[in-house]
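Got your viewer open? Grab the mouse and let's go for a walk, one selection at a time.

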Amino acid sequence: MDVTYQGTQRELHSGTGVLRYHEAGDGPPLLLLHGSGIGVSGWRNYRANLGVFADRFHCYALEFPGFGISDPVPGNPVTAAVDSVGRLMDALDLESACVIGNSLGAVVASQVAMARPERVRRLVAVGGIGASLLSPDPSEGTRLLRRFADDPTREHLVHWLECMIHDPALLTRELIEERWASAATPAARASIEAMYGSEAIAQRQRAISGARPYWSRLPTLTCPTLLAWGANDRQCPLDMALIAQRLVPRAELHVFPQCGHWVMYEAKEAFERVALEFLCR
């Protein structure tokens, strides 16, 4: 199976711009939705896992609009990401699919599942959904993202990457340089600023003042849901999972020890084993 970047890359042309994604495997459909952050993409989130999941599933790793690969669209980046999932599924005639979402991808997947329950069979949420009970809010990772958005230096990138991974040996020079090169593109910079810039955050807080938080609707997330969390996650601290586990009717929680925010990267084999067991039930 060819799971190289070039061998899996696909394009979907629509009236709202080009959506790009990576496709591999055969079997039931599985969407892989990436997180936000500096130099992020669907390929970078899941390239190490794609071959494993493609042995059992027909995988689609979507690139959300505005993160430097799919064409940007105006408006809130989260809303654009939710819409892009529907656009992809409609264009590919996917009535429903299992979904793995990391961080932002988990939030997007949960919003799709709450709005259109028939579209999501099972959900693996790698961090992301819920709300902090005990940890500082915003989290350490979010504060570091805001610092980079306001002042995009290589040093600030490294500080954020150190926050994402528990094991410092995994923070290689190659990873730093790849993320730095990706973050330098105008589209990527605009996306980070729109998500985490101080002014953008202040505008969103003013807009949602008094509004019902999205996590309060989690009881309507009725699909079987696996919460996959790193015990040492400093972007979405573990106490966030407690609200999700309590509110989502069919949720179960698996905590990966000695692991940060990127569970699928830092606990690769354990995550794949747990996720496949859940998805193949």
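First, one term for the road: a crossover is right-handed if, with the strands pointing away from you, the path from the first strand over the helix to the second runs clockwise. Keep in mind, too, that this is a predicted model.

**Stop 1: a crossover to try out**

Select β5, helix α4 (residues 104-115) and β6. Together these make a right-handed β-α-β unit, so turn the view until the strands point away from you and trace the path clockwise. The strands β5 and β6 run parallel and are joined by five bridges. To find a pair of partners, click Asn-102 and look across to Val-126 in β6, which stands opposite.

**Stop 2: strand β6**

Stay with β6. How many of its seven residues are buried? Six are, so the strand is largely enclosed by the rest of the structure. Next, show β7 beside it: β6 and β7 pair in the parallel sense, over four bridges. Here Leu-123 has Thr-225 in β7 as its bridge partner.

**Stop 3: on to β8**

Now add residues 251-256, which are strand β8; it pairs in the parallel sense with β7 (residues 225-230) over six bridges. Pick Trp-229 and you'll find Val-255 of β8 opposite. Bring in helix α10 (residues 240-247) as well, and you have another right-handed β-α-β unit, made of β7, α10 and β8.

**Stop 4: a buried acid in a loop**

Select Asp-239, in the loop between β7 and α10. Which side chain of opposite charge is nearest to Asp-239? That would be Arg-143, but it is 11 Å away, and the buried Asp-239 has no salt bridge. Its side chain does reach the backbone nitrogen of Leu-133, at 2.6 Å. Show what surrounds Asp-239 and, leaving aside neighbours within four places in sequence, you'll see contacts that include Ala-131, Ser-132 and Ser-135.

**Stop 5: another one, elsewhere**

Jump to Glu-63, in the loop between β4 (58-62) and α3. Glu-63 is also buried without a salt bridge, and Arg-44, the nearest side chain of opposite charge, is 6.7 Å away. What does the side chain of Glu-63 reach at 3.2 Å? Look for the backbone nitrogen of Trp-43. Beyond four places in sequence, Glu-63 touches several residues, among them Tyr-21, His-22, His-34 and Ile-69.

**Stop 6: backbone oddities**

Before the next clicks, a rule of thumb: most residues other than glycine have a negative phi, and most peptide bonds are trans.

- Zoom in on Asp-93, in the loop between α3 (77-91) and β5 (97-102). Phi is positive here, about 55 degrees, although Asp-93 is not a glycine. Is Asp-93 buried or exposed? With 66% relative accessibility, Asp-93 counts as exposed.
- Then try Gln-258, in the loop between β8 and α11 (263-266). Its phi is also positive, near 50 degrees. Gln-258 counts as exposed too, at 57% relative accessibility.
- Finally, pick Pro-138, in the loop between β6 (120-126) and α5 (140-150). The peptide bond leading from Asp-137 to Pro-138 is cis, with omega near 5 degrees.

**Stop 7: helix α6**

For the last stop, select residues 154-164, helix α6, and colour the buried residues; these include His-156, Leu-157, Trp-160 and Met-164. What do the buried residues of α6 pack against? Show α5, α7 (173-183) and α11, and you have the packing partners.

Key: Residues are numbered from 1 along each chain as its sequence is written. This is a predicted model: local features need pLDDT of at least 70, side-chain atom pairs count only at pLDDT 80 or more; totals for chains, interfaces and linings use all residues. Side-chain values use heavy atoms; hydrogens and water are left out. Two strands pair if DSSP finds at least two bridges between them. Helices (H or I, at least four residues) and strands (E, at least two) are DSSP runs, numbered from the N terminus. Buried means under 20% relative accessible area, exposed over 50%, partly exposed in between (1.4 Å probe, protein chains only). Lys and Arg count as positive and Asp and Glu as negative; His and the chain ends are not counted. A salt bridge is a side-chain nitrogen of Lys or Arg within 4 Å of a carboxyl oxygen of Asp or Glu. A polar contact is a pair of N or O atoms within 3.5 Å; within protein, one must be able to donate a hydrogen and the other to accept it, and residues adjacent in sequence count only if both atoms are side-chain atoms. Contact means heavy atoms within 4.5 Å.
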